[in-house]
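Colleague: Hi! Could you walk me through this model while I have it open?
Modeller: Happy to, just load it up and ask away.

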Amino acid sequence: MALHFELVTPAKLVRSEEVHMVVVPGTEGDFGVLEGHAPVMSTIRDGAIQVFRTEGAAAENIAVRGGFAEVGENGLTVLAEHVEG
Amino acid sequence: MASLKELKGRINSVKSTQKITKAKQMVAAAKLRKAQAAAEAARPYAERLGKVMASLASKVSGEGAPKLFAGTGKDQRHLLVVANSDKGLAGAFNSNIVRAALAKAAELKAEGKEVDFYLVGRKGRAPIRRAHPQNIARMFDTTDVREPGYEEAERIVAELMEMYDAGKFDVAHLFYSKFKSALTQEPTRLQIIPVPAPETATASQAAVEYEPDEEEILAELLPRYLKTQVFGALLENQASEQGASMTAMDNATRNAGELINKLTIQYNRSRQAAITTELIEIIAGAEAL
């Protein structure tokens with residue numbers, strides 16, 4: 001039920017937690033990632049990642065710049081050059 | 001033989017030198033811990049990016065590969081990026097890096113290649129300018145920041161990319177000092193452009209969807225990978241600098257201590273000699289009466 005979500009910048013590991021869903025602003029359109037998502041690699045346009053901790057919870061926005069998302073069997077990893085906030 | 005006053009002066013001067021080296025040693029120790037933590041914190045990003053690059057690089061090959069990855073097809077002009085610190089008092093830290101760079105430059109020149117330098121930090125400038133006054137392409141100034149960080153890495157890579165796109169060089173090497181421990185730092189050379197393919201340890205088994213396609217992602221990630229490598233080198237360099245500084249200052253403090261002991265013994269001896277002479281004079285005087 002939980003998706004492992006990691007947000008990494010060159011300076012540090014910003015987040016590593018279990019969440020319900022993450023909406024990633026991909027270069028070719030937003031996509032939501034739930035647990036068991038098929039493997040994807042995508043670049044991210046500058047914008048906000050929305051993190052839903054639990055089903056129905058309010059979204060938490062994390063603004064990123066220069067990002068890259070990878071969905072693998074270990075969950076979602078977002079590599080971002082800059083994270084604001 | 002130096003007079004008592006002179007000796008006293010020298011002892012005091014060595015003592016104040018010792019105070020400075022001791023303070024610098026403690027500062028370096030504290031900074032080293034910080035620099036190591038920073039290097040530690042940067043590792044996850046570099047690791048993950050390296051993995052992604054490896055799996056992409058194995059898929060993209062041949063004509064579709066970007067120039068940054070495939071190279072210009074020539075091997076004539078080399079750019080040596082030399083990362084040094086801005087401050088001294090770090091033993092042979094800077095000169096080791098410079099020596100490694102100059103050795104490589106000599107080797108390349110012997111092969112008939114052209115060599116240019118791109119200098120990061122202040123301490124490498126003088127010796128390299130002396131050896132190759134005509135070949136300094138650019139100097140990157142880090143004196144206005146306390147610790148070179150990711151922003152500096154970004155700016156360095158941006159300048160390098162610009163030079164690469166303008167055809168100013170074909171191959172770039174990065175020289176920095178790898179941090180092994182506080183006692184040993186190893187001057188290291190790393191080829192950064194064209195980007196060497198990371199070892200493909202994990203051939204990805206699952207069918208991965210790429211958005212946009214592999215080539216575009218690779219083209220986008222290459223500069224980032226480069227930045228990470230430069231950033232990593234800067235961090236290693238910082239840790240090495242502090243480690244070298246700590247060791248050098250530890251030695252200096254110990255040497256100063258030895259010197260103080262020696263001078264103190266000499267001082268006491270001369271004082272004793274002076275007292276003895278005085279006594280002899282008094283006694284001789286008294287006997288003469």
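Colleague: Let's start with a proline. Where in chain B does Pro194(B) lie?
Modeller: Pro194(B) sits in the loop that runs between β5 and β6 of chain B. One thing to keep in mind throughout is that this is a predicted model.

Colleague: Noted. And the peptide bond from Ile193(B) to Pro194(B), is that cis or trans?
Modeller: The bond from Ile193(B) to Pro194(B) is cis, and its omega is near -10 degrees.

Colleague: Zooming out, how is chain B divided into domains?
Modeller: Domain 1 of chain B is made of 4-22 + 249-288, while domain 2 covers 42-247. Taken over C-alpha atoms, the centres of domain 1 and domain 2 of chain B are 53 Å apart.

Colleague: Domain 1 has two segments, then. How do α1(B) and α6(B) pack?
Modeller: The axes of α1(B) and α6(B) are 6 Å apart and the angle is about 160 degrees. Angles over 145 degrees count as roughly antiparallel, so that is how α1(B) and α6(B) run relative to each other. The crossing of α1(B) past α6(B) is left-handed.

Colleague: Can you give me a pair of residues to click on? Which helix is Lys15(B) in, and what is its C-alpha distance to Thr253(B)?
Modeller: Lys15(B) is in helix α1 of chain B. From C-alpha to C-alpha, Lys15(B) and Thr253(B) are 9.5 Å apart, although 238 residues separate them in sequence. Lys15(B) counts as partly exposed because 14 other C-beta atoms lie within 10 Å.

Colleague: What about α5(B), at what angle does it cross α6(B)?
Modeller: Helix α5 of chain B, residues 150-165, crosses α6(B) at roughly 125 degrees, and the two axes come within 8 Å. That angle makes α5(B) oblique to α6(B). This crossing is right-handed.

Colleague: Which residues make that contact?
Modeller: On the α5(B) side they include Tyr150(B), Ala153(B), Ile156(B), Val157(B) and Met161(B). From α6(B), the contributors include Pro223(B), Leu226(B), Val230(B), Phe231(B) and Leu234(B).

Colleague: Changing topic: how far does α3(B) reach from its first C-alpha to its last?
Modeller: Helix α3 of chain B, residues 93-110, has 18 residues and reaches 26 Å, close to the 26 Å expected at 1.5 Å a residue. It is followed by Gly112(B), which has a positive phi, near 85 degrees.

Colleague: And which residues of α3(B) are buried?
Modeller: Those are Phe93(B), Asn94(B), Ile97(B), Val98(B), Ala100(B), Ala101(B), Leu102(B) and Ala105(B).

Colleague: Why might positions three or four places apart point the same way in a helix?
Modeller: An α-helix has 3.6 residues a turn, so residues with that spacing point the same way.

Colleague: OK, so what covers the buried residues of α3(B)?
Modeller: The cover includes β1, β2, α4, β4, β5 and α6 of chain B.

Colleague: I see Leu89(B) just ahead of that helix. Where is its place?
Modeller: Leu89(B) is in the loop between β1 and α3 of chain B. Its phi is positive, about 55 degrees, although Leu89(B) is not a glycine.

Colleague: Which residues does Leu89(B) touch?
Modeller: Leaving out residues up to four places away in sequence, Leu89(B) touches Lys24(B), Ser245(B), Ala248(B) and Met249(B). Its C-alpha is 11 Å from that of Ile20(B), 69 residues away along the chain. Leu89(B) is partly exposed, since 17 other C-beta atoms lie within 10 Å.

Colleague: Last topic, the two chains. How many residues of chain B are in contact with chain A?
Modeller: There are 20 residues of chain B in contact with 21 residues of chain A. On the chain B side, α1, β6 and α6 each supply at least two residues. α1(B) gives the most, with seven residues.

Colleague: And something from chain A itself: where is Glu35(A)?
Modeller: Glu35(A) is in the loop between β4 and β5 of chain A. The C-alpha atoms of Glu35(A) and Gly75(A) are 7.1 Å apart, with their places 40 residues apart along the chain.

Notes: Residues are numbered from 1 along each chain as its sequence is written. Chains are lettered from A and ligands numbered from 1 in the order in which they are written. This is a predicted model: local features need pLDDT of at least 70, side-chain atom pairs count only at pLDDT 80 or more; totals for chains, interfaces and linings use all residues. Domain bounds come from an automatic or database domain assignment. Helices (H or I, at least four residues) and strands (E, at least two) are DSSP runs, numbered from the N terminus. The expected span of a helix is 1.5 Å times one less than its number of residues. A residue is buried if 20 or more other C-beta atoms lie within 10 Å of its own, exposed if 12 or fewer, and partly exposed in between; C-beta atoms are placed from the backbone. Two residues are in contact if their C-beta atoms, placed from the backbone, lie within 7 Å. Axes are lines fitted to C-alpha atoms, for helices over the stretch in contact, and angles run from 0 to 180 degrees between N-to-C directions. Angles under 35 degrees count as roughly parallel, over 145 as roughly antiparallel, 65 to 115 as roughly perpendicular and the rest as oblique. A crossing is left-handed if the near helix is turned anticlockwise from the far one by less than a right angle, and right-handed if clockwise.
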